[in-house]
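Reader: Before we discuss side-chain contacts, please let me see the sequence and the model, and then explain the reasoning behind each label you use.

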Amino acid sequence: MSFRTRGVGAVIAAGALVAAVGSVSPTAAAPNNNSVAKLTKAVTLEGVVDHLEAFQAIADEYGDRAAGRDGYKASVDYVVAELRAAGYTPVVQEFEFPYFEENSELVRDDPATSWVDGRDFLRAQFPTGVPEGTATGVVVPVDFADPPVPDMPAGAGGTSGCTADDFAGFPEGAIALVQRGGCGFAVKALNAQAAGASAVIVANDGRTGLVGMIGDAAGLEIPAIFVTTQVGLDLASTPDATVTVTVDFAAETRVTWNVLAETATGNDANTVMAGAHLDSVQDGAGINDNGSGSAALLETAIQMSKVKPNNTVRFAWWGAEEEGLLGSEYYVENLADTALDDIALYLNFDMIASPNYFFGVYDGDNSGGTAPAGFIPAGSAQIEDVFERYYTSIGQPYQDSEFSGRSDYGPFIAVGIPAGGLFTGAEGEKTAAEAALYGGVPGASYDPCYHQPCDNLTGAGQDAELYAALEEDYDLVGNVNAFALDVNSDAVAASIITFAFDTSTVNDVSAPGRSHGAGKSLDAMKNKLTR
């Protein structure tokens with residue numbers, strides 16, 4: 001497909017959203033797109049965006065596309081219908097998973113702020129009980145860093161809240177704000193409760209990220225949450241503001257699904273797999289994360305429907321990735337040993353169109369030195385080479401993306417299957433050097449709507465000033481960078497068709513392989529699973 005940095009947005013914006021959820025958009029009869037040149041021409045930006053519009057329509061109707069909810073089931077139905085229309089015989093693999101519905105909140109009245117669950121804070125996860133409820137009151141910092149400093153060094157929390165003396169004079173009904181460090185989370189929470197706090201907020205102590213609070217909190221009856229270092233410093237800077245802490249969640253077992261489809265011909269003993277997770281987080285359309293990867297993979301599969309590759313190509317859309325890679329993990333764990341041995345490599349596409357993008361390639365040769373020794377399966381470096389050669393061929397820059405196993409390739413590399421993939425960034429901030437290479441806004445997140453409701457095609461809820469700044473360099477369609485999506489959809493197609501015909505650089509299996517086209521069926525694919 002051709003691509004351009006400007007002018008694409010108006011074309012896409014003119015397209016009507018799919019009206020009927022689960023309906024099949026017209027699928028043109030794909031020619032034999034059996035080369036990189038043919039397939040990348042056939043996989044168009046417009047075709048990929050058609051699928052994104054369908055995912056947005058589903059989210060508009062059901063509220064989101066999260067695993068265990070109606071919007072995810074509709075997403076599965078849409079992918080299955082598209083695959084069948086293209087001539088595939090897809091398999092829907094059902095599995096159970098622990099479903100949590102999070103309705104917890106952290107809100108301040110002045111300055112008015114509503115923090116994001118899962119990004120800015122987490123409810124407590126004490127194994128001895130997680131009290132639910134709502135508390136409203138003034139936040140009182142307890143032995144907190146004074147004055148709070150934005151660049152507080154890691155481990156600077158001291159022993160905030162570790163003794164009853166820390167709470168001397170604590171006002172009844174206020175919300176206690178303590179810092180991580182010096183003693184267990186449960187000790188801090190129970191001390192706050194004993195002092196008359198209506199809720200407790202534990203802030204990180206200069207370290208990044210969120211952690212689930214652990215420890216023996218038997219007897220705890222007040223809501224407890226954990227917040228990032230920055231949120232803690234923000235709360236401590238407005239001690240007279242009224243804050244509401246709500247801990248509310250549901251936990252049960254539900255079912256969800258993976259969708260699998262494979263080419264009608266090819267060497268089953270040398271199967272190339274390519275996957276993307278289909279689910280969103282709750283309360284969001286999940287258009288970049290990961291409608292982008294799912295849509296590009298689906299359009300590639302459609303345009304490959306008449307290809308007769310040397311190697312079987314199996315496409316996968318994973319469920320419950322956002323709950324901890326559960327769909328891909330279930331698939332790998334339940335493959336028969338022989339079927340597992342038949343997988344030559346796995347390609348993963350998760351978040352490939354971030355609005356403030358970089359072109360990231362999984363660091364299969366560990367040139368960045370971020371993976372421990374022995375972590376990356378042999379052959380992964382050769383997969384990285386294919387992506388890098390493609391970017392070079394079209395004159396685009398690229399860089400290493402950490403090979404961490406934190407997406408659906410994790411279960412595959414855990415059993416020794418070489419892997420690779422693409423990533424355009426999440427909550428991390430773009431550097432000045434990256435902005436010089438790719439354009440965009442340095443210091444802003446690659447995806448400012450990561451895991452938020454504003455990850456959509458409509459633009460609803462997005463930071464108008466930031467997105468206007470991004471549009472000085474890019475065509476954006478809601479939270480999708482049209483240029484990055486265009487380029488990476490081609491990179492998806494190019495990598496899959498390359499390995500469909502030859503995996504010899506990865507596993508020394510020479511092409512052509514033997515064909516098993518005559519015997520492929522729904523039952524044959526199901527029999528590859530142990531249960």
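**Labels and their reasons**

Author: In this predicted model, C454 counts as buried, at 6% relative accessibility.

Reader: What makes C454 buried?

Author: The term applies under 20% relative accessible area, and C454 is at 6% relative accessibility, so C454 counts as buried. C449 has a relative accessible area of 1%, so C449 is buried by the cut-off of 20% as well.

Reader: Why is the link between C449 and C454 called a disulfide?

Author: The distance from S to S is 2.1 Å, and a pair of cysteine sulfur atoms within 2.5 Å is taken as a disulfide, so C449 and C454 are joined by one. The torsion about their S-S bond is about -115°, and the disulfide is therefore left-handed.

Reader: How many disulfides does a search of the whole structure find, and which pattern do they follow along the chain?

Author: The search finds two disulfides, and with bonded cysteines counted along the chain the pattern is 1-2, 3-4. C162 and C183 form a disulfide, with their sulfur atoms 2.1 Å apart. C162 lies in the loop between β5 (133-141) and β6 (175-179), and C183 in the loop between β6 and α5 (185-194), so the pair ties together parts that are 21 residues apart in sequence.

Reader: Why is the disulfide of C162 and C183 called left-handed, and which terms describe the accessibility of C162 and of C183?

Author: The torsion about the S-S bond of C162 and C183 is about -100°, so the disulfide is left-handed. C162, at 15% relative accessibility, is under the cut-off of 20% and therefore counts as buried. C183 has a relative accessible area of 25%, which lies between 20% and 50%, so C183 is partly exposed.

Reader: How do you know that D234 and R108 meet in a salt bridge?

Author: The distance from N to O is 3.0 Å, and the cut-off is a side-chain nitrogen of Lys or Arg within 4 Å of a carboxyl oxygen of Asp or Glu, so the pair qualifies as a salt bridge. D234 lies in helix α6 (residues 229-236) and R108 in strand β2 (residues 105-109), so the pair ties together parts that are 126 residues apart in sequence. R108 is buried, with a relative accessible area of 4%, whereas D234, at 25% relative accessibility, counts as partly exposed.

Reader: What does the salt bridge of R314 and E262 tie together?

Author: The side chains of R314 and E262 meet at 2.8 Å, N to O. R314 lies in strand β12 (residues 311-318) and E262 in strand β10 (residues 249-262), so the pair ties together parts that are 52 residues apart in sequence. Elsewhere, salt bridges that share partners join D64, R69, E101 and D283 into one network.

Reader: Among the 27 aromatic pairs of the structure, why is the pair of Y357 and F359 called tilted?

Author: The ring centres of Y357 and F359 are 4.8 Å apart and the planes stand at 50°, which is neither under 30 degrees nor over 60, so the pair is tilted. Y357 and F359 are both buried, and they belong to one aromatic cluster that also includes Y391 and Y438.

Reader: What makes K430 a charge over the ring of Y357?

Author: K430 lies over the face of Y357 at 5.3 Å from the ring centre, and the distance cut-off is within 6 Å, so the distance condition is met.

Note on methods:
Residues numbered from 1 in each chain as written. Predicted model: local features only at pLDDT ≥ 70, side-chain atom pairs only at ≥ 80, totals over all residues. Heavy atoms only, no water. Phe/Tyr/Trp six-rings, centres within 6.5 Å; stacked < 30°, edge-to-face > 60°. Buried < 20%, exposed > 50% of the residue type's maximum accessible area, 1.4 Å probe, protein only. Lys NZ or Arg CZ within 6 Å of the ring centre and 35° of its normal. Helix = DSSP H or I, 4+ residues; strand = E, 2+ residues; numbered from the N terminus.
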